[in-house]
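Could you take me on a short walk through this structure? I have it open in my viewer and would like to know what to select next.

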Amino acid sequence: MKACFMGLGYIGLPTAIIAAMHGIEVLGVDVNPSVVEKTNAGELHIIEPGMGEHLKQVIASGALRASQTPEVSDAYFMVVPTPFKGNHQPDTSFVEAATRAVIPLLKEGDLYVIESTSPIGTTEQMAELIFRERPELKGKIFIAYCPERVLPGNVIYELVHNDRVIGGIDEGSTRKAIDFYSRFVKGELHATNARTAEMCKLTENSSRDVQIAFANELSLICDRAGINVWELIRLANKHPRVNILQPGCGVGGHCIAVDPYFITAAYPEEAKLIADARSINNFKSEWCAEKVINAMLRFEIENKRKPIVAMMGVAFKPDIDDLRESPAKAIISKVMQRCNNARILVVEPNVAEHHVFKLTPYEKAYKDADIAVFLTAHTPFKSLQWDDSKVILDFCGIFKR
Ligand code: SAJ
């Protein structure tokens, strides 16, 4: 069995490695020559604990090889980015380009799968494209959609043990895709159709965005009502069937903050709650920035000097080093712009240095600060003691006060 993975990013590469570890001959294809070169040299170009060893093994054994061009295989997997154009309209051009690259290679009996998070109907559109170019293959190849749901930092375990939803354009395609994934997935493989599988991925992440928006909305209400939102949620969750998530400084990452737009772009009339949740989570970041700026102005009036402000945390979620799409980073930048001559200490314990922010160790920043702003709930911050002599803005529940 030979499999060709189109796209060696933070999902494509680990999946190609896991497949190669389970007896499949894998060709990994990427348009970026340095990704191809590093992969063939057994060097991991993404950050994923433990994955480097596995890569070295499958490169050394020849089970995995990387190239910039696809080759004849038995199964083809589209694992390329699906970004957004300016106005929250999804861009499936990378999926289409990867599909066009493999169309000449397809033969009877082959399997074609899209893994990329995609708008509903993308798999059917790619099937039409394939059969337009290769009409003799209609009904002779298997086409399916299979989203991933791995958590960055735990990819190896989750790729193998998470259940997966597999949706074919017909029964035979679903079965063929399940056969493939059963070679390395120990989780349950759930059969459905392509549209449902596409929507399932979007639903999972949109449901989380809505839940987080509920928590963030509670935090805004409690701020006005003089209620401790952390205590409120802790108490509400004592109910056996209530599970309210945690407020934060906004929603970051390239999944939860993005996937809902695949739904709202396609169904703007129907997707009201999903759209509102996006607005609430985006507004929460602006609300936090305003709170910081107001606290700085108030400090200056009361103390006749500018405050030292510690911005605690830049990563998009606790205990990771990923700053991409981070609400904390956006808040820090906004505060710096609006208060350009204030002394702002930026803290991010999970990265050694940053090309924009000069970083300060968290203990020193907290000690020196007049105003301490907690943006990301990194575990080390929880060892800090509350200090009544400081102004503390805790947006992520470090002190639960
Ligand atoms: N957040 C809160 N409050 C919470 C939980 C999260 O403010 O109670 C914030 C985080 O700080 C972060 C954002 O939401 O900024 C997203 O956090 P996340 O914990 O959802 O992390 P992701 O985006 O890395 O992972 C999600 C997961 N999806 C679900 O939990 C439904 C993961 O399983 C997916 O595979 C991943 O998105 C993805 O790749 O789609």
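Here is a tour that begins at the ligand and ends at some cysteines. Keep in mind along the way that this is a predicted model.

**Stop 1: the ligand.** Select the ligand and look at where it is: it sits in the second largest pocket. Now show the residues around the ligand, and you will have 17 of them. The closest are Val150, Asn205, Arg208, Gln246 and Phe316. If you colour this shell by class, you will see 9 nonpolar, 3 polar and 5 charged residues.

**Stop 2: the contacts.** Which part of phenylalanine 316 comes 2.6 Å from an oxygen atom of the ligand? It is a polar backbone atom. Next, select arginine 208, where a polar atom of the side chain lies 2.6 Å from a ligand oxygen. Then add lysine 201: an N or O atom in its side chain is 2.8 Å from an oxygen atom of the ligand. Zoom out a little and turn on the surface: the protein covers 84% of the 770 Å² of accessible area that the ligand has on its own.

**Stop 3: the cysteines.** How many disulfides does a search of the whole structure find? The count is 0. Select cysteine 200, which is in no disulfide. The nearest cysteine sulfur belongs to cysteine 146 and is 10 Å away. Is cysteine 200 buried, partly exposed or exposed? Its relative accessibility is 22%, so it counts as partly exposed. Finish at cysteine 255, which is partly exposed with a relative accessible area of 25%.

Notes: Residues are numbered from 1 along each chain as its sequence is written. This is a predicted model: local features need pLDDT of at least 70, side-chain atom pairs count only at pLDDT 80 or more; totals for chains, interfaces and linings use all residues. Side-chain values use heavy atoms; hydrogens and water are left out. A residue is near a molecule or strand if one of its heavy atoms lies within 4 Å of it. A polar contact is a pair of N or O atoms within 3.5 Å; within protein, one must be able to donate a hydrogen and the other to accept it, and residues adjacent in sequence count only if both atoms are side-chain atoms. Accessible areas come from the Shrake-Rupley method with a 1.4 Å probe; for residues, only the protein chains shown count as cover. On a 1 Å grid over the protein atoms alone, a cavity is a set of points where a 1.4 Å probe fits but cannot get out, and a pocket is an open set with protein on both sides within 12 Å along at least five of seven lines; lining residues have an atom within 4 Å of a point. A molecule sits in a cavity or pocket if more than half of its atoms lie within 2 Å of its grid points. Ala, Val, Leu, Ile, Met, Phe, Trp, Tyr, Cys and Pro count as nonpolar, Asp, Glu, Lys and Arg as charged, and the others, Gly among them, as polar. A disulfide is a pair of cysteine sulfur atoms within 2.5 Å. Buried means under 20% relative accessible area, exposed over 50%, partly exposed in between (1.4 Å probe, protein chains only).
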